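Work through the exercises below with the sequence and the model open. Each task is followed by a solution in steps.

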Amino acid sequence: MLIIGIAGGTGSGKTTVVRKIVESLPENSVAVIPQDSYYNDQSHLPLDVRKLTNFDHPNAFEWSLLAKQIEELRSGKAVEQPTYSYITCTRLPETVHVEPHDVIIVEGIMALYDKQLRDLMDLKIYVETGADERLLRVIQRDTVERGHPLEMLIAKYRNVLKPMHDEFVAPTKQYADIIIPNLGDNGSAIEMMRAYIQGFVREQKKKEQK
């Protein structure tokens with residue numbers, strides 16, 4: 001099993017990298033674990049308190065559960081991945097059943113932040129995209145998909161996204177094995193990454209057939 005961590009700021013293009021990896025591998029050989037599924041359960045708190053949650057701070061995540069479930073997948077055990085609602089700002093009762101796969105991808109803005117989680121990863125990737133481009137992507141996504149007004153998004157970027165990125169996300173670049181800069185124009189880096197992962201999966205298949 002190959003465990004990959006993919007980190008990078010909001011709007012950096014992590015989803016695109018994940019999609020390219022999944023598309024390059026045999027069907028049903030990859031399981032994607034979104035870090036966003038592991039926000040803390042806040043059902044014991046009033047809704048008005050939950051709505052004040054800073055989702056871009058490390059304290060918002062239940063790191064121990066995420067690491068525990070990655071360990072279980074690595075040992076061949078299935079897990080029940082939690083699900084999270086941004087409307088109620090807490091966990092939902094439903095879970096997602098995840099079976100072990102040849103490749104496990106942990107994806108999120110701070111996927112490389114926690115040492116216990118990092119130590120479980122075989123390959124650590126950081127997607128680097130300039131602040132202006134990330135802001136434009138966030139505005140485009142959240143105005144169209146979530147109906148958020150432009151003024152609110154700009155204020156959120158200034159007050160939350162940028163300071164949290166600078167303090168907690170960007171420093172995790174030092175832990176990356178591969179940094180993919182300028183995602184849209186870096187086909188070579190993408191191809192090198194895909195070739196490495198494909199080679200690993202082929203070797204695993206050969207071992208299984210022996």
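**Exercise 1. Place the helices on the sheet.**
Task: Find which strands helix α1 lies across, and its angle to β1.

Solution. The model is predicted. Begin with helix α1, residues 14-24, which lies across β1, β2, β5 (103-107), β6 and β7. Its direction runs at about 155 degrees to β1. Next take helix α3, residues 63-74, which packs on the sheet and touches β1, β2 and β5. The direction of α3 makes about 170 degrees with that of β5.

**Exercise 2. Order the strands.**
Task: Determine in what order the strands of the open sheet are arranged, and which strands form its edges.

Solution. Step one: the 5 strands follow the order β2-β5-β1-β6-β7, with parallel pairing. Step two: β2 (30-34) and β7 (178-181) each pair on one side only, and these are the edge strands. Step three: on average, neighbouring strands of the sheet are turned by 20 degrees against each other, direction ignored.
Step four: look at one pair in detail. Strand β1 (residues 2-7) and strand β6 (residues 123-128) run parallel and are joined by 4 bridges. Within β6, Ile125 is the residue that stands opposite Ile6.

**Exercise 3. Write the topology.**
Task: Count the helices and strands of the protein chain, then give their pattern along the sequence.

Solution. The count comes to 7 helices and 7 strands. Read along the sequence, these elements follow β-α-β-α-α-β-β-β-α-β-α-α-β-α.

**Exercise 4. Describe the nonpolar cores.**
Task: State which residues touch the most other members of the largest nonpolar core.

Solution. The largest nonpolar core has 33 residues, and Ile33 and Ile70 touch the most other members. At least two residues of this core come from each of β1, β2, α3, β3 (79-85), β5 and α6 (150-169). The largest contribution is that of α3, with 6 residues.
Now list the contacts of Ile70, leaving aside neighbours within four places in sequence: Ile3, Ile33, Ile104, Val106, Leu117 and Leu120. Another core, of 19 residues, lies apart from the largest one; Val18, Ile190, Ile197 and Val201 are among its members.

**Exercise 5. Summarise burial, contacts and surface.**
Task: Find what percentage of the 210 residues is buried, and what area the protein chain exposes.

Solution. Buried residues make up 45% of the 210 residues. For contacts with a separation of 6 or more, 76% are between residues 24 or more positions apart. The exposed area of the protein chain is about 11100 Å², of which carbon and sulfur atoms supply 51%.

Technical notes. Residues are numbered from 1 along each chain as its sequence is written. This is a predicted model: local features need pLDDT of at least 70, side-chain atom pairs count only at pLDDT 80 or more; totals for chains, interfaces and linings use all residues. Side-chain values use heavy atoms; hydrogens and water are left out. Two strands pair if DSSP finds at least two bridges between them. Axes are lines fitted to C-alpha atoms, for helices over the stretch in contact, and angles run from 0 to 180 degrees between N-to-C directions. Contact means heavy atoms within 4.5 Å. Buried means under 20% relative accessible area, exposed over 50%, partly exposed in between (1.4 Å probe, protein chains only). Accessible areas come from the Shrake-Rupley method with a 1.4 Å probe; for residues, only the protein chains shown count as cover. A nonpolar core is a set of buried Ala, Val, Leu, Ile, Met, Phe, Trp, Tyr and Cys residues joined through side-chain atoms within 4.5 Å.
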